[in-house]
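Trainee: I'd like to go through this model with you and check the labels against the numbers. Could you pull it up?

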Amino acid sequence: MNSVSLYGNAQQDTGDHRPILIVPYMWIGDFVRGHTVVRVLKQRWPNRPVDLLATSLCAPLVDYMPGVRAGIVWDLPRGRLALSRQWGLAALLRERNYGTALVLPGTWKSAIAPALAGIPERAGFFGEVRLGLLNRIRWGERGLPRFIDKNASLALPVGVPLPAEWPVPQLQVPAEEISRWRKVNGPGTGPAVALAPGSVGASKRWPYYAEAARLLAARGLEVWVVGGPAEKDLATEVVAAGGPGVRDLTHADLRNGILAMAAASVAISNDSGLMHIAAALGTPTMGIFGPTSPYLWAPLNGLAATVQTKSPPPCEPCQRTICTMYDHACMRTILATDVVAIAQQVLAETGAHPGH
């Protein structure tokens, strides 16, 4: 075995070739942030193939994740056990002869298929009475508030000190794919600003995207509204306010959102999955935060910035999906003029051009 020091007492092992399965969180942003686990695994075991379980929604992300061999696309209904679907997934996993499964979510349901498949090593945090379904239990999840620590620590042996910094998530889109997308969807030649006005939870939605679009378009910038079908009404409102320089690029296929964020010169987003996609792509990303904590959820790359109110209410951050106090002041008091000024500063500092 050839080994070098890695994360203190952990060692790199080039002799192990058993495939690894990761069962990630299936929310888009958490799925992206789970790529850190892939990077840690590939540093420890460069010759072990790594596969990701994925839903149909998240599956396009797998194509752009370095170090991932394949995605196992298998939709399980939320809120139901769906035992027949679990048995079917277990049969598929058994065929692939995994040596290890890392189960990131703390639900017992997420550990059923790896256990039924008989994967020899099944690792995860203790939660929801998963003893028996997992056979390498990690404790202390509550002491690790950041998802990046919770996820990546499962790839290390118990007892190895966690590093101060983990490798950040990465998504890589071939330049020719960005170019093809740009020719169809963003035919201009100047810098483009991608706006992502959607989020899970109304309290995380900044209310001034329409005004920001108008101000950005008035400065000669291309403006794209990016999101899924749930953002269609918002996109219509933003386009109506911004005029012909603003385009509705919402789409049912997440791949369209990935390519839009890859082609944009700067992204402005609520705390959402698209924010984490943009950051992982290396696009300069402005995450607008109010009810959620940037410490826990900020985009994880050096070109990312967080925008917060200059006069925070005492309830910030509340982590609530609906504002129950202070009339959404944490987001209402972030002015469109301030956000646009920061975007212009980012564009100037990066010398951004389409597709950077």
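Trainee: Which residue follows H11, and what is the sign of its phi?

Mentor: That's Gly 282, and its phi is positive, near 90°. Bear in mind that this is a predicted model.

Trainee: And H11 itself, what makes you call it mostly covered?

Mentor: Count the buried residues: nine of the nine in helix H11 (residues 273-281) qualify. Among them are Leu 274, His 276 and Ala 279.

Trainee: Why is the contact between Glu 222 and Arg 182 called a salt bridge?

Mentor: The cut-off is 4 Å between a side-chain nitrogen of Lys or Arg and a carboxyl oxygen of Asp or Glu. Here the N to O distance is 2.4 Å, so the pair of Glu 222 and Arg 182 passes.

Trainee: What does that pair tie together?

Mentor: Glu 222 belongs to strand S10 (residues 222-225) and Arg 182 to helix H7 (residues 175-185), so the bridge links parts that lie 40 residues apart in sequence.

Trainee: How do you know whether Glu 222 and Arg 182 are buried or exposed?

Mentor: Buried means under 20% relative accessible area. Glu 222 has 14%, so the label is buried. Arg 182 has 8%, so Arg 182 counts as buried too.

Trainee: Then what about Lys 232 and Asp 248, why is that a salt bridge?

Mentor: Their side chains meet at 2.8 Å, N to O, and that is within 4 Å, so the name fits. Lys 232 sits in helix H9 (residues 232-242) and Asp 248 in strand S11 (residues 246-248), so this one joins parts 16 residues apart in sequence.

Trainee: What makes Lys 232 and Asp 248 partly exposed?

Mentor: Partly exposed is the range between under 20% and over 50%. Lys 232 comes out at 39%, so that's where it falls. Asp 248 has 28%, so the verdict is again partly exposed.

Trainee: How many salt bridges does the structure hold?

Mentor: Eleven. One of them pairs Asp 149 with Arg 146 at 2.9 Å, N to O, and both of those residues are buried. There's also a network of salt bridges linking Asp 16, Arg 18 and Arg 48.

Trainee: Now the loop between S14 and H13. Where is the cis peptide bond, and what is its omega?

Mentor: It joins Glu 316 and Pro 317, with omega about -5°. Pro 317 is in the loop between strand S14 (304-307) and helix H13 (329-332).

Trainee: What is notable about phi in Gln 319 and Tyr 326?

Mentor: Gln 319 has a positive phi near 65° without being a glycine. Tyr 326 is another non-glycine residue with a positive phi, near 60°. Gln 319 is placed in the S14 to H13 loop, and so is Tyr 326.

Trainee: Why is each of them called partly exposed?

Mentor: Gln 319 has a relative accessible area of 40%, neither under 20% nor over 50%, so partly exposed is the right label. Tyr 326, at 43%, lands in that range too, so the label holds there.

Trainee: Last one: how do you know the radius of gyration agrees with a compact globule?

Mentor: With 356 residues, a compact globule would come out near 21 Å, and the protein chain has 21 Å, so the two agree. Buried residues make up 54% of the chain.

Note on methods
Residues are numbered from 1 along each chain as its sequence is written. This is a predicted model: local features need pLDDT of at least 70, side-chain atom pairs count only at pLDDT 80 or more; totals for chains, interfaces and linings use all residues. Side-chain values use heavy atoms; hydrogens and water are left out. Buried means under 20% relative accessible area, exposed over 50%, partly exposed in between (1.4 Å probe, protein chains only). Helices (H or I, at least four residues) and strands (E, at least two) are DSSP runs, numbered from the N terminus. The radius of gyration is taken over C-alpha atoms; the globule rule is 2.2 Å times the number of residues to the power 0.38.
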